[in-house]
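This report looks at an enclosed space, a set of charged pairs and one helix. Please keep the sequence and the structure in view while reading.

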Amino acid sequence: MSRLRVLASGIDSLYASARGELVDGLLQVLTELRRLSPDADVPLSLHGSAPDLLLRRYGWRGYPFWLSSPRYEIAVGAADPFPTAYLQLHAAHIHSVGIETAVHEAEVMLHRDLFPQGCRTITSRADVFVDEQGWIPQWEDFALFHCRALRRRMFDVPRQQHGYGRQLSGFTFGKGDLLARVYNKSLEIAISGHTWPEMLWQGPDPEQAAWRIEFQFRRPVLGAMGLNGMDDVVRHRQGLWDYGTRWLTLRTRMADTNRARWPLAPPWQQLSEATIGGSAVRLIREQIRNATLQRLTQGLVGYGSSLEAMDGVQDLGQALATSVPTVRPYLAHQGATFGDLVAAKREQRLEGGT
């Protein structure tokens, strides 16, 4: 085995709950939007004229309202004992602007758009990872891992879908509050088609697969460590990694029947010494732009088809042409031209950097 090389590291997923008084009238507005468009997602904005969120036509895990964007997912409207809002930061956004910036933006959004009187934010889940080359896990390594988890299992990428035969894709350890994954990241990328994680890698060998070692921490473990807010988790991500690589270890087999006394295997020793960073790769924003384009196109098609269903128009070109007489009086009432709206939204996109 060549010396293990760390290609990338950081926080890949971050979830948080928020408790406080929602901005007055928000739930009523969302209820009315849902009533007016029960079968389609609705583009909207909570603070400007340009739609930057999508109100989904269905809720999420007990929350009746689910707001989606390329930056984060927000769920609101659940009754006690659920938190007032639930937030998930997208991995692509985290890695495009950096974890510190992503958390700051989310905090600003929560206080500006949802909780003007303030809120208490608690981290619900954080995933800390390292992508590496140089160590290629083998089937027999499974018996050499030592951890305090109550559950361990191996898993294969479905052979019938991907044609990889009996190729190992990874291991998982634990369940619930603390979970570890060791898996072939290159294989996952090839199967999913989401290639942006490769932009994070520094000095990869194109002839080798990259493997990801990832620890998922949920609220009970984070709380026991005294990590509450999202900033707490970001500042102590190195400590989370250190804890994870002690909780789960890969050992070198010895004659001793007590596996805990076996020495650390060299690759795991190197992993335990990894520095957990979190670089920002601006090119990943292209992924966010594509997602935004798809979201707005979805809204255009949904609204356009609903509008033209009233007149029985089925051709796209004809539908756009017949919509113009409806749009022009609306713009006149707003006191703006279509060009004015485009210019304002272009300026907002430039200010936001997306």
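In what follows, Ala, Val, Leu, Ile, Met, Phe, Trp, Tyr, Cys and Pro count as nonpolar, Asp, Glu, Lys and Arg count as charged, and the others, Gly among them, count as polar. The model described here is predicted.

**The cavity**

The structure holds 1 cavity of 30 Å³ or more, and about 30 Å³ of space lies in the largest cavity. Its lining is made by Ser-9, Gly-10, Ile-11, Ile-94, His-95, Ile-99, Gly-278 and Ser-279. Two elements, β1 (5-20) and α2 (91-97), give two or more residues to this lining, and the largest share, 3 residues, comes from β1. Sorted by the classes above, the lining of the largest cavity has 3 nonpolar residues, 5 polar residues and no charged ones.

**The salt bridges**

Side chains of opposite charge can pair when their charged atoms come close. A search of the whole structure finds 14 salt bridges, and the table sets out some of them.

| Salt bridge | Closest N to O distance |
|---|---|
| Arg-35 and Glu-32 | 2.5 Å |
| Arg-57 and Asp-41 | 3.6 Å |
| Glu-214 and Arg-212 | 3.9 Å |

Arg-35 and Glu-32 both belong to helix α1 (residues 26-36), where they are 3 residues apart, about one turn of the helix. Arg-35 counts as exposed because its relative accessibility is 54%, and exposed means over 50%, while Glu-32, with a relative accessible area of 34%, is partly exposed.

The bridge between Arg-57 and Asp-41 links distant parts of the chain, since Arg-57 is in the loop between β3 (53-55) and β4 (65-68), whereas Asp-41 is in the loop between α1 and β2 (42-44), 16 residues apart. Arg-57 is partly exposed at 38% relative accessibility, but Asp-41 is buried, with a relative accessible area of 8%.

How buried or exposed are the partners in the bridge between Glu-214 and Arg-212? Glu-214 is buried, with a relative accessible area of 5%, and Arg-212 is also buried, with a value of 1%. Salt bridges that share partners join these two residues with Asp-12, Asp-131 and Arg-181 into one network.

**Helix α8**

In helix α8 (residues 237-247), the buried residues are Arg-237, Leu-240, Trp-241, Gly-244, Thr-245 and Trp-247. Because these residues cover an arc of only 155° around the axis, they lie on the same side of α8.

Technical notes. Residues are numbered from 1 along each chain as its sequence is written. This is a predicted model: local features need pLDDT of at least 70, side-chain atom pairs count only at pLDDT 80 or more; totals for chains, interfaces and linings use all residues. Side-chain values use heavy atoms; hydrogens and water are left out. Buried means under 20% relative accessible area, exposed over 50%, partly exposed in between (1.4 Å probe, protein chains only). Helices (H or I, at least four residues) and strands (E, at least two) are DSSP runs, numbered from the N terminus. The arc is that of the directions from the helix axis to the C-beta atoms. On a 1 Å grid over the protein atoms alone, a cavity is a set of points where a 1.4 Å probe fits but cannot get out, and a pocket is an open set with protein on both sides within 12 Å along at least five of seven lines; lining residues have an atom within 4 Å of a point. Grid points are joined across faces, edges and corners, and a volume is the space filled by probe spheres set on the points. A salt bridge is a side-chain nitrogen of Lys or Arg within 4 Å of a carboxyl oxygen of Asp or Glu.
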